[in-house]
Amino acid sequence: YVIETLDLSGADTVIYLYDSDGVRLLDWNDDAAPETVASRLTFHPYHAGAFYVRVVNYNPTVSGCGIGYSVRVVAQP
């Protein structure tokens, strides 16, 4: 799977990926590349079942109606 943020409007995202227990952190990403504040993870599930994604703004004090982003999860062959 590829999990990524896009369409950022004033946001600087961080993605966290958790195991099925919702507690064990498996991976995280702050910036997908040096020239972007969007985030991107590539994930190969090691068991069947649910995994959890948490997306936050890097700076928790930045908020409001003008801050936004989209999240996309795509299965890769």
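Me: Two strands pair if DSSP finds at least two bridges between them. What makes β2 and β5 a pair?

Reply: Six bridges join β2 (residues 13-18) to β5, and the rule asks for at least two, so they pair. Ile-15, for instance, has Val-55 in β5 as its bridge partner. Strands here are DSSP runs of E, at least two residues long, numbered from the N terminus. Before we go on: this is a predicted model, where local features need pLDDT of at least 70, side-chain atom pairs count only at pLDDT 80 or more, and totals for chains, interfaces and linings use all residues. Residues are numbered from 1 along each chain as its sequence is written, and side-chain values use heavy atoms, with hydrogens and water left out.

Me: Why are β3 and β5 said to stand at the edges?

Reply: The open sheet runs β3-β2-β5, with antiparallel pairing. β3 (25-29) and β5 (52-57) each have a single partner strand, so one side of each lacks a neighbour in the sheet.

Me: How do you know that Phe-43 and Phe-51 make an edge-to-face pair?

Reply: Check two values against the rule: ring centres of Phe, Tyr or Trp (its six-membered ring) must lie within 6.5 Å, and planes under 30 degrees apart are stacked, over 60 edge-to-face, the rest tilted. There are two aromatic pairs by that rule. For Phe-43 and Phe-51, the centres are 4.8 Å apart and the planes sit at 70°, so edge-to-face it is. Tyr-46 and Phe-51 pass too, with 6.0 Å between centres and planes at 65°, so that pair is also edge-to-face. Together, these ring pairs link Phe-43, Tyr-46 and Phe-51 into a cluster.

Me: Which of those three rings belong to buried residues, and what makes them so?

Reply: Buried means under 20% relative accessible area, exposed over 50%, and partly exposed in between (1.4 Å probe, protein chains only). Phe-43 has 10%, so it's buried. Phe-51 has 19%, so it's buried as well. Tyr-46 has 48%, so Tyr-46 is partly exposed.

Me: Why is Asp-7 called exposed, and Val-71 partly exposed?

Reply: Asp-7, in strand β1 (residues 2-9), has a relative accessibility of 56%, so it lands in the exposed class. Val-71, in strand β6 (residues 68-74), has 42%, so it falls in the partly exposed class.

Me: What else is there to say about the phi of Asp-7?

Reply: It's near 55°, a positive value in a residue other than glycine.

Technical notes:
Helix = DSSP H or I, 4+ residues; strand = E, 2+ residues; numbered from the N terminus.
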